[in-house]
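Student: I've got a fold open on my screen and I'd like to learn how to read it. Could you walk me through some strands and helices?

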Amino acid sequence: MTDNRAGVHITPFGSFGHVRDWVFDLDNTLYPAECDLFAEIDTRMTDFVSRLLMLPPAEARKVQKQYYAEYGTTLAGLMTVHKIDPSDFLGHVHKIDLSPLPDLPNLRSALERLPGRKFVYTNGSRGHAEQVTDKMGLSHLFNGSFGIEDSDYVPKPKPASYAAFLKLHDVDPHGAIFFEDLARNLAPAKDVGFTTVLVHSEKDWSHEPIEARPANLSDVLGDDGPDHIDYVTGDLAAFLEAAIETL
């Protein structure tokens with residue numbers, strides 16, 4: 001069924017009165033994929049791999065995407081295979097121009113109205129999460145940001161990453177909801193008890209490995225999705241506003 005208020009494809013839209021903690025992925029979730037901010041990070045990852053392995057950019061990009069698909073993140077692959085210092089990688093890839101980030105007053109308003117705690121949980125660095133939310137005028141609304149360094153560089157979708165997040169912020173997943181643009185990252189979240197929301201876009205993700213591809217509109221329309229996805233939305237602010245109505 002489709003709820004036009006929230007711009008969501010859902011099965012079905014219920015009450016969110018049980019939710020005490022609201023957990024958001026960052027890239028292509030808290031900000032819209034269409035602004036192409038992550039494309040900057042993606043390009044800088046290719047550049048890092050190219051320099052590290054002394055490969056031409058096209059070959060470096062193949063390695064980058066192979067590690068992303070196999071290890072959860074390019075960083076995890078580089079650490080496992082090449083034993084790099086993660087701080088070198090993170091410092092390089094997150095030196096980006098934040099000007100493409102849009103001002104989203106409707107999202108800001110919805111986050112302000114949400115009861116309970118709000119967290120950012122990203123496979124990027126905590127510093128990246130904080131600079132993005134600050135630029136968007138949202139940083140004051142979050143109770144914390146959980147970056148890859150907080151899980152000892154173990155990324156989503158590894159179960160140990162979720163365990164580290166839950167422990168650090170004392171979150172009961174049965175009273176929490178998790179928003180993500182990667183379907184594979186929602187499976188472990190659902191396994192431990194989160195309510196899950198897949199955030200899709202109309203962006204073309206065909207250049208990404210199919211097993212690690214963000215959700216596209218064509219992937220979710222007309223399909224209720226796998227069991228580990230409770231809700232699907234293409235409009236995060238509208239979804240939150242609709243959720244607030246159920247509280």
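**Reading the strands, then the helices**

Tutor: Sure. Strand E3 (residues 21-24) pairs with strand E4 (residues 117-121) in the parallel sense, over four bridges. Keep in mind that this is a predicted model.

Student: Which residue stands opposite phenylalanine 24 in E4?

Tutor: Valine 120 in E4. Phenylalanine 24 also stands opposite phenylalanine 179 in E6. Strand E3 and E6 pair in the parallel sense too, again over four bridges. Another pair to click on is aspartate 21, whose bridge partner in E6 is alanine 176.

Student: How should I think about the two sides of a strand?

Tutor: Here's the general idea: in a regular strand the side chains alternate between the two faces of the sheet. Now the case here. In E3, Asp21 and Val23 are on one side, Trp22 and Phe24 are on the other, and all are buried. Both faces of E3 are covered, then.

Student: And in E6, which residues are on each side?

Tutor: Ala176, Phe178 and Glu180 take one side, Ile177 and Phe179 the other, and all of them are buried. Five of the five residues of strand E6 (residues 176-180) are buried, so E6 is largely enclosed by the rest of the structure.

Student: Which residue of E7 is the bridge partner of glutamate 180?

Tutor: Leucine 198. E6 and strand E7 (residues 195-199) run parallel, joined by four bridges.

Student: Okay, on to helices. What do I look at when two of them pack?

Tutor: Two packed helices are described by the angle between their axes and the distance between the axes. Try helix H1 (residues 37-53) with helix H3 (residues 74-82): the angle is about 15° and the axes are 11 Å apart. That makes H1 roughly parallel to H3, and H1 passes H3 in a left-handed crossing.

Student: Which residues make that contact?

Tutor: From H1, Met45, Phe48, Val49, Leu52 and Leu53; from H3, Thr74, Leu78 and His82. By type, the residues of this contact of H1 with H3 divide into six nonpolar, two polar and no charged.

Student: Why do the contact residues on a helix come in those spacings?

Tutor: An α-helix has 3.6 residues a turn, so residues three or four places apart point the same way. You can look for that along H1 with Met45, Phe48, Val49 and Leu52, which are among its contact residues.

Student: Which residues of H3 are buried?

Tutor: Thr74, Leu75, Ala76, Gly77 and Leu78. What covers the buried residues of H3 includes H1, helix H2 (57-71) and helix H4 (86-93). Just after H3 comes lysine 83, with a positive phi near 55°.

Student: How do H1 and H4 pack?

Tutor: At an angle of about 135°, with their axes 8 Å apart. H1 and H4 are therefore oblique to each other, and H1 passes H4 in a right-handed crossing.

Student: Which residues meet there?

Tutor: On the H1 side, Ile41, Arg44, Met45, Asp47, Phe48 and Arg51; on the H4 side, Asp88, Phe89, His92 and Val93. The contact of H1 with H4 divides into five nonpolar residues, one polar and four charged. Set that beside the contact of H1 with H3, which has no charged residues.

Terms used. Residues numbered from 1 in each chain as written. Predicted model: local features only at pLDDT ≥ 70, side-chain atom pairs only at ≥ 80, totals over all residues. Heavy atoms only, no water. Axes fitted to C-alpha atoms, helices over the stretch in contact; angles between N-to-C directions. Helix = DSSP H or I, 4+ residues; strand = E, 2+ residues; numbered from the N terminus. Parallel < 35°, antiparallel > 145°, perpendicular 65-115°, else oblique. Left-handed = near helix turned anticlockwise from the far one by under 90°. Contact = heavy atoms within 4.5 Å. Nonpolar A, V, L, I, M, F, W, Y, C, P; charged D, E, K, R; others polar. Buried < 20%, exposed > 50% of the residue type's maximum accessible area, 1.4 Å probe, protein only. Pairing = 2+ DSSP bridges.
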